[in-house]
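This report covers a single protein model. Please look at the sequence and the coordinates before reading on.

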Amino acid sequence: MFGLFKKKWFWIVWLALALTGGVVGYFGSEYQSERIENAELVELQDYYNPDRPRIHGIKDTTLVDEYIKFEKDTNYPKALKFSSETIPINQKLYALDWTSDSLLVLIGRQNSNPTVADPRWTELWVWKNHVKKK
């Protein structure tokens, strides 16, 4: 194992991987910055229950019908019959994209205090009625 550190090929491979990682990280960061600059700053609010600190959304746009049916249901508690996630509304939120029928908005959330459970950047498709322009 320690003999590897003396091999020239090992250091060449290590340097190539380090440079590749640096280049990928740089361009990924530039891409993310460009997306944020082109996005609109928005607020989210639950359409029926404005005091909720999180909003339901979906990652997979093939679940639009089930998601909209769930969102229009005014009975609480609601039963989830599809795969969904929630997005906290306490950080900067950006409208990144809209579906072709303008029913869903792709919301990007920038978290200034990331953790393993709550990463720096989160994206989720959310019903348009939850979105308020700032």
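The text below goes through the sheet, the helices, the salt bridges, one buried side chain and one surface patch.

The model is predicted, and local features are described where pLDDT is at least 70.

**Sheet**

Five strands make up an open sheet in the order β6-β5-β4-β1-β7, and their pairing is antiparallel. Its edges are β6, residues 121-127, and β7, residues 131-133, each of which pairs on one side only. From one strand to the next, the twist averages 45°.

Strand β1 spans residues 40-44 and is joined to β7 by three bridges, with the two strands running antiparallel. Within this pairing, E43 has K132 as its bridge partner in β7, and L44 has V131 as its partner in β7. Three bridges also join β1 to β4, again with antiparallel strands. Here L41 stands opposite Y94 in β4. Strands in a sheet pair through backbone hydrogen bonds, in either a parallel or an antiparallel manner.

**Helices on the sheet**

Two helices that pack on the sheet are described here. Helix α1, residues 8-38, touches β1, β4 (92-98), β5 (104-110) and β6, and its direction makes about 40° with that of β6. Helix α2, residues 64-72, packs on the sheet through β5 and β6; the angle between its direction and that of β6 is about 75°.

**Salt bridges**

How many salt bridges does the structure hold? There are three, listed here with the N to O distance of each.

| Acidic residue | Basic residue | N to O distance |
|---|---|---|
| E123 | R35 | 2.5 Å |
| D46 | R52 | 2.8 Å |
| E43 | K132 | 3.8 Å |

The salt bridge between E123 and R35 links distant parts of the chain: E123 belongs to strand β6 and R35 to helix α1, 88 residues apart. E123 is partly exposed, at 21% relative accessibility. That value lies just outside the buried class, because buried means under 20% relative accessible area.

E43 and K132 form a salt bridge with their closest N and O atoms 3.8 Å apart. Because E43 lies in strand β1 and K132 in strand β7, this pair ties together parts that are 89 residues apart in sequence. These two residues are also bridge partners in the pairing with β7. E43 is partly exposed, with a relative accessible area of 35%, and K132 is partly exposed too, at 37%.

In the pair of R52 and D46, the side chains meet at 2.8 Å, N to O. R52 counts as partly exposed at 24% relative accessibility, whereas D46 is buried, with a relative accessible area of 4%.

**A buried glutamate**

Is E71 buried or exposed? E71 sits in helix α2 and has a relative accessible area of 3%, so it counts as buried. Leaving aside residues up to four places away in sequence, E71 touches Y48, H56, K78, W127 and H130.

**Nonpolar surface patch**

Which residues form a nonpolar patch on the surface? They are F5, W11, W14, L15 and L19, which together have about 550 Å² of accessible area. Among them, F5 is found in the segment before α1. With 39% relative accessibility, F5 counts as partly exposed.

Conventions:
Residues are numbered from 1 along each chain as its sequence is written. This is a predicted model: local features need pLDDT of at least 70, side-chain atom pairs count only at pLDDT 80 or more; totals for chains, interfaces and linings use all residues. Side-chain values use heavy atoms; hydrogens and water are left out. Two strands pair if DSSP finds at least two bridges between them. Helices (H or I, at least four residues) and strands (E, at least two) are DSSP runs, numbered from the N terminus. Axes are lines fitted to C-alpha atoms, for helices over the stretch in contact, and angles run from 0 to 180 degrees between N-to-C directions. Contact means heavy atoms within 4.5 Å. Buried means under 20% relative accessible area, exposed over 50%, partly exposed in between (1.4 Å probe, protein chains only). Patches are made of residues with over 30% relative accessible area and no salt bridge: like charges are joined within 9 Å, nonpolar side chains (Val, Leu, Ile, Met, Phe, Trp, Tyr) within 5 Å. Accessible areas come from the Shrake-Rupley method with a 1.4 Å probe; for residues, only the protein chains shown count as cover. A salt bridge is a side-chain nitrogen of Lys or Arg within 4 Å of a carboxyl oxygen of Asp or Glu.
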